[in-house]
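Please look through the sequence and the structure shown here before reading on. The report after them takes up a few places in the chain, one at a time.

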Amino acid sequence: MTGGPREPGADPAPGGADAAPGGTDAGPRTGDGFQTMWRDLARIGRHAPSGGYRRHAWTPADADCRAWFRAQAAARGLAYETDRNGNQWAWLGDPAAGDAVVTGSHLDSVPDGGAFDGPLGVVSAFAALDALHARGARPRRPLGIVNFTDEEGARFGLACVGSRLAAGQLAPADARALTGADGVTLAQAMERAGQDPDAIGADPERLARIGAFVELHVEQGRALDLVGEPVGVASAIWPHGRWRFDFRGEANHAGTTRLEDRRDPMLTYATTVLAARKKARLAGALATFGKVAVEPNGVNAVASLVRGWLDSRAPDEETLAAVVAAIEQAAAERGARDGVRVGVTRESFTPVVEFAHELRDRLAALLGGGAPVPVLPTGAGHDAGILSAALPTAMLFVRNPTGVSHSPAEHAAEDDCAAGVSALADVWEGLACR
Ligand SMILES: [Zn+2]
């Protein structure tokens, strides 16, 4: 077992010793600064029974994370600001000078999320700044570190709220009306946390000061592990969407209705799930039915309605459209045999995000030192993807040996975290110090 910043499932020991590195890696170390930051952050919002984190936007745990960010900025003498949407910024140099090179990520989590998704990018940013100072590098451009608020959307159901608002991709009134399961609106939650919900909205002047945004993130897959590399550069975020499939049959008695007399939507649904898997596999795409609702949902009743939600992602929009069309066709053909009506509604769609090629290639050259660096796509959305419409953005991924994410088992080895910090420092040095 490799030592890492946090062993999943470990109980927090007094003084947060669970967050300390295992120390069994032979590779480079992340340094005391990284370890101290990691340990302090690891105490916040941890749900002991699951070993995961519950750092939902505008909750007390989120406030503690935000206080931590502010303290890190203060400890380094960085200028600190919270923008109109609640995103936090720490600056070395005057951002008004423009052409800033910004890195960072988010500190919020999904329910019982892992320690790395988000925080690794923020902690690594502060550690990279320390590394840059240790190298004696002198920035010629302003350097920024950001914590985007409400990236996961765990509380109000919409991801990347902070960056969407800043980029003008989410109407303020729509954002304010977002409502969590507890009935609290985003506006109310912001107000309670001391942030003015009436001030939210597009922030073009702030984004115009940024020449490049580079987000470091734990990989949410195994591509780096499969090629044996600790750090990679993102090429694109796959287009993805959600489709609701309604399978309408006829409720009937499970004990008295002859099989040939049934109109059972569960059969059509089951066949469609298998078809989705096959179509995705053949196309090099992903297709998942992860949520289902059944009516009347009785053990001894043939269902009248099965509703299944398809999440599908693919390398390009053409492939995605073809996969979903093939799944729809399979559902319709089987439905005709089963006497089941099939209706499909697209509930959301996010087009492909191609990260800026020039910045991506620059990063790959800076990190490789002549050797090729893995350049890989991802199926997950990120703030960097949202901002890519407004300014040059790029992403670095740090190896995740199991690929598990959005789970307490999410993990990165200490030497890989150190490689990520070093890569970020290389990026800053290469882009801003020469
Ligand atoms: Zn994330």
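What follows describes a metal site, a glycine and a helix in this predicted model.

## The zinc site

Three residues of the protein serve as donors to the zinc ion, namely His106 through NE2, Asp117 through OD and His217 through NE2, and they lie 1.9 to 2.2 Å from the ion. Along the chain, these donors follow the spacing H-x10-D-x99-H. Asp117 and His217 link distant parts of the chain, since they stand 100 residues apart, with Asp117 in the loop between strand S5 (100–105) and helix H3 (119–135) and His217 in strand S7 (residues 210–218).

Are these two residues, Asp117 and His217, buried or exposed? Asp117 has a relative accessibility of 5%, which is under the 20% cut-off, and therefore counts as buried. His217, with a relative accessibility of 1%, counts as buried because that value too is under 20%.

## Gly104 in strand S5

Gly104 lies in strand S5, and because its relative accessibility is 0%, this residue counts as buried. Although Gly104 and His217 are 113 residues apart in sequence, their C-alpha atoms are 8.9 Å apart in space. When neighbours within four places in sequence are left aside, the residues in contact with Gly104 include Gly121, Ala125 and Val146, and also Phe213, Val214, Glu215 and Leu216.

## Helix H13

Helix H13 (residues 414–432) has 19 residues, and at 1.5 Å a residue it should span 27 Å, which agrees with the 27 Å between its end C-alpha atoms. H13 is mostly covered, as 14 of its 19 residues are buried.

How values were computed
Residues are numbered from 1 along each chain as its sequence is written. This is a predicted model: local features need pLDDT of at least 70, side-chain atom pairs count only at pLDDT 80 or more; totals for chains, interfaces and linings use all residues. Side-chain values use heavy atoms; hydrogens and water are left out. Donors are N, O and S atoms within 2.8 Å of the metal (3.2 Å for Na, K and Ca); water is not among the atoms, so sites may look incomplete. Helices (H or I, at least four residues) and strands (E, at least two) are DSSP runs, numbered from the N terminus. Buried means under 20% relative accessible area, exposed over 50%, partly exposed in between (1.4 Å probe, protein chains only). Contact means heavy atoms within 4.5 Å. The expected span of a helix is 1.5 Å times one less than its number of residues.
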